[in-house]
Every structure is written in C-alpha cells, then in structure tokens.
Protein chains: 2
Amino acid sequence: MTEKQKRFVDFILRFREDNGYSPSIREIAAGLGLASTSTVKSMLDKLTAKGELSMISGKARSVTAPEPACSGVPVIGHIRAGSPVMAEENIEGYIPVREFLKNSSGGFFLVVDGYSMKDKGILPGDFVFIQPQKTISNGQIGAFRINGEVTLKTFRRTDDGVFLMPANEEFRPIPVLESDEFEVIGRYVMLLRLVEKGYDFRLA
Amino acid sequence: MTEKQKRFVDFILRFREDNGYSPSIREIAAGLGLASTSTVKSMLDKLTAKGELSMISGKARSVTAPEPACSGVPVIGHIRAGSPVMAEENIEGYIPVREFLKNSSGGFFLVVDGYSMKDKGILPGDFVFIQPQKTISNGQIGAFRINGEVTLKTFRRTDDGVFLMPANEEFRPIPVLESDEFEVIGRYVMLLRLVEKGYDFRLA
DNA sequence: TGTGCTATCGAACAAATGTACATTAGACCA
DNA sequence: TGGTCTAATGTACATTTGTTCGATAGCACA
C-alpha cells in the first residue's frame, strides 16, 4: 500500500472513530485537501478492489475500513536475543479480545475475595470470568453456591463424596452434603487482573 | 422507553453490526415495516431529544445508538444471599474491554515463562500486559531486558544498588551492574489467563 | 357525538451524495 | 520533442436521502 493510500484508510478510520459514522466522498476530499470528488472516488474504487476498504455502490457513507490488527493485542513469547522486543519476528499472535468476549457472551466476571485459591495464582481482587453451566467435571475449577454462599473452588468427586477443594493449605476442603443447598454456577474460564487501578471501569 | 422505541434502537444497532454503517431513514422504515419516512423521522427526532440516539441533521446515515452496557462484561462482586447470581442487584459494574484496550494501545502481551513471580500470582502461560515505558518506579513490576534476556520482575533500588526481585523464595534477586546491558521494556499493567485452551487466539 | 391527541401515511421538495466523463498538469521515457 | 501514463481537476447529472407539510385513521375521553 502506498503512502497516499494509507492516508485514505487512516482518514476513514479516524473519522469513524471521531463521529461514529463514515465520511462522505466530499468530506474525504476536504479532509485530505483534494479539490475533486472524482479523485477520491477513483481511489476508493481502487482500495475497494484491493480489499483494503469495503463500500456499497450508491449508498451514502457506506465506506468502511477493516479495523487494523492492533484491535487485537500482540502476544510476544520467546524473545530472540538482540532483537527489539516489538519486532515482527517476536510477535507470536494476537489476542482478539473483542471477538473473544463476543463469543463468551453470557458469562460474567466474579471478583475474587480471599486467598483460598492462592496456589492456583488466583488472588483477591482478581476478576474471574465464569462461563455459566449447570454441571462441571471432576477436577475443574468453578463457581459454586453452597448454602447461600458463593465460592470459587476445584470440584472433586471421590468415593467419600463431593468436595470443594481450596488451593491453599491453610484452608480446608468443603464437603458437599446431601442436605446442603448446592448449585454449580459456572466454569472458571479466564482470569483478568488489573494491576494499575488507574484502569478503572465504569460502574453501573 | 416504550416497546416501539426499543425496536428502533435495536434495529439501528443490529443494522450497524451487520453492515458496518448506519441505516438510512428509508431503510429503517422498510426494516420495521413502516410505509412513510416521516414516521421514522419523527421517532428519530424524539429519541435523539431523549439522548437515546444521536444524529447530525442533514447528514446521511449519521444516526448512531450508544452501544448497550453489555458490550462490556458484567462484574459481580459480593453476592446477596438467596438472589440469583446474575440478578441486577449483584452487578457492580462492567469492564468495557473494548475501550480498555483502545486506551492501552501500544502495549502487548508477554507470555510468562517460569515460576519466578509465583507469589505475585503470575504463573507460566499467563499473558502479562506490558505498557511500554523507558523508566519505572521503585517497587513496580515490569519487563526488563538484561544482557539480552527478557524477564518480568519487581524493580527495586536500594543503597546497595538496583535489583530485579523475583517473587519466589527459590529464586535469587538479580543485581543490575553498571557493566550490564540493561533496559526497561515496560510496566506490568494487567494479567490475562486463559484457563480453557478452547479459547484459542488467531496466530499471525 | 364530537373533540383533541397520536401515530401513520403520502407526496413533494431541497440538500447531500455518489457517479461519469471530458479535460488538464506533471512526470517519465524513448 | 513527442508520446504515454497517472493523478488530479471541474463539471454535470442521477440517485439517495433528509426534511417538511398536509391528510388520514384510530383511539381515548368528556
């Protein structure tokens, strides 16, 4: 992509970011300092043919640019000695958090309370993503409600019965008795920890 | 908001989701089975006045609806005994992951390798979000490059010099000497752990 | 019954917008 | 010098689109 074509795509992305809708051809011309609409039109046609843009013929403000890869966050694994960290060869992939969370719809974050799952690296204040489900397999970590209390534990079924296992030797396994009110809330799928509290999230 | 008004907003949201740009007034009329454009127009004016929609007068396809709160993931904190988990009263807020990551642009995920930060709840395979910066304060956790190796440690400056501190008694502090090639890569801001490997991420 | 009120419709108009085409300007090269 | 190509221009036109206004139909209520 030439430098000029990139300016087109960038302008469209920024305009949509700022306004929430796409620019018209004349607005693109004005924004890029071009005097004629046909200049813009021919460039848009070219970029659409190359797949860099998409637009519907005849429809006003229908041009869109695919959001760049950085809508996902790059994952850097093993770093080759001597190369800059963010170099292309170090990028192993991207986590497309947007799609990731779209697929996980229905789930929710549970705020972790105590240290009972410390040895699994789950600490107070962590956000644990729970995928709701009614049952859970042996050995999986999940959120449970027992006698009104909600807790995050490992589910374990043995010959001696069912237990909710902490991951911290200072805590004791919780036996699940027939007489207990017990319910599986969901499966522990993901953990999110916000280290800097500057990254606040909007409260309802 | 009445049932009918809700249908308007929902239609606009879905249309934008499907097409990437907003519907025209006539497309809204067709989509909702209305015969006249003025019906739509008056409803849009009403919804805009109420703040449920936003549009620029005269500009084609400029109507947008604020994305509903569920574009973020609900956060559930302390759960009131007896109430269903996902009940409204238990939702403390939302993590708008989309905006969250937009603000963090420039950062990247580093894949954690060993157990040296175990006591901070950072385990192998975790994705650590690094916000690039050239310096770091005493006591903060960050990613560093020392003599070609990249490592995640707590930065500590004492009278005896600078050390990279592990969070695991089986590991030793790494002294940073004048003769070392040393560089701050960035600050540890967030941690993401994918428990289920079914949630794969697209490789480059 | 009749009187407002609201939602909807129908049609017409003006502005915004996409599209097509002939023309010009400049760069490059034989 | 002349030719060719590309980018850009200017203009005109057709379509899409937002806007306006009057008319109609249903509905609640006195």
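## The surface near DNA strand C

Three elements each supply at least two residues of the surface near DNA strand C: α2 (25–32) and α3 of chain A, and α3 of chain B. Here, near means that a residue has a heavy atom within 4 Å of the strand. Helices (H or I, at least four residues) and strands (E, at least two) are DSSP runs, numbered from the N terminus. This is a predicted model; local features need pLDDT of at least 70, side-chain atom pairs count only at pLDDT 80 or more, and totals for chains, interfaces and linings use all residues. Residues are numbered from 1 along each chain as its sequence is written, chains are lettered from A and ligands numbered from 1 in the order in which they are written, and side-chain values use heavy atoms, with hydrogens and water left out.

α3(B) gives the most to this surface, four residues. Around DNA strand C there are 24 residues, and I25(A), R26(A), K41(A), R61(A) and S38(B) come nearest. Of the strand's atoms within 4 Å of the protein, 62% are sugar and phosphate. The surface residues are six nonpolar, 10 polar and eight charged. Nonpolar covers Ala, Val, Leu, Ile, Met, Phe, Trp, Tyr, Cys and Pro; charged covers Asp, Glu, Lys and Arg; the others, Gly among them, are polar.

## Atom pairs at DNA strand C

R26(A) reaches a base: a side-chain N or O atom is 2.8 Å from a base oxygen of DNA strand C. Two residues of chain B sit at phosphate oxygens. The side chain of K46(B) has an N or O atom at 3.4 Å. For A60(B), a backbone N or O atom lies at 3.4 Å.

## The surface near DNA strand D

DNA strand D is surrounded by 23 residues, the closest being S38(A), I25(B), R26(B), K41(B) and R61(B). Sugar or phosphate holds 60% of the strand's atoms within 4 Å of the protein, and bases the rest. α3(A) provides the largest share of the surface, four residues. By class, the residues are six nonpolar, 10 polar and seven charged.

K4(A) has a side-chain N or O atom 2.9 Å from a phosphate oxygen of DNA strand D. For K46(A), a polar side-chain atom lies 3.5 Å from a phosphate oxygen. T37(B) pairs with a base oxygen instead, at 3.2 Å from a side-chain N or O atom.

## Chain A

Chain A has four helices and nine strands. From the N terminus, the order is α-α-α-β-β-α-β-β-β-β-β-β-β. Of its 204 residues, 45% are buried (under 20% relative accessible area, 1.4 Å probe, protein chains only).

Methods: Polar contact = N/O pair within 3.5 Å; in protein donor to acceptor, adjacent residues only side chain to side chain. Buried < 20%, exposed > 50% of the residue type's maximum accessible area, 1.4 Å probe, protein only.
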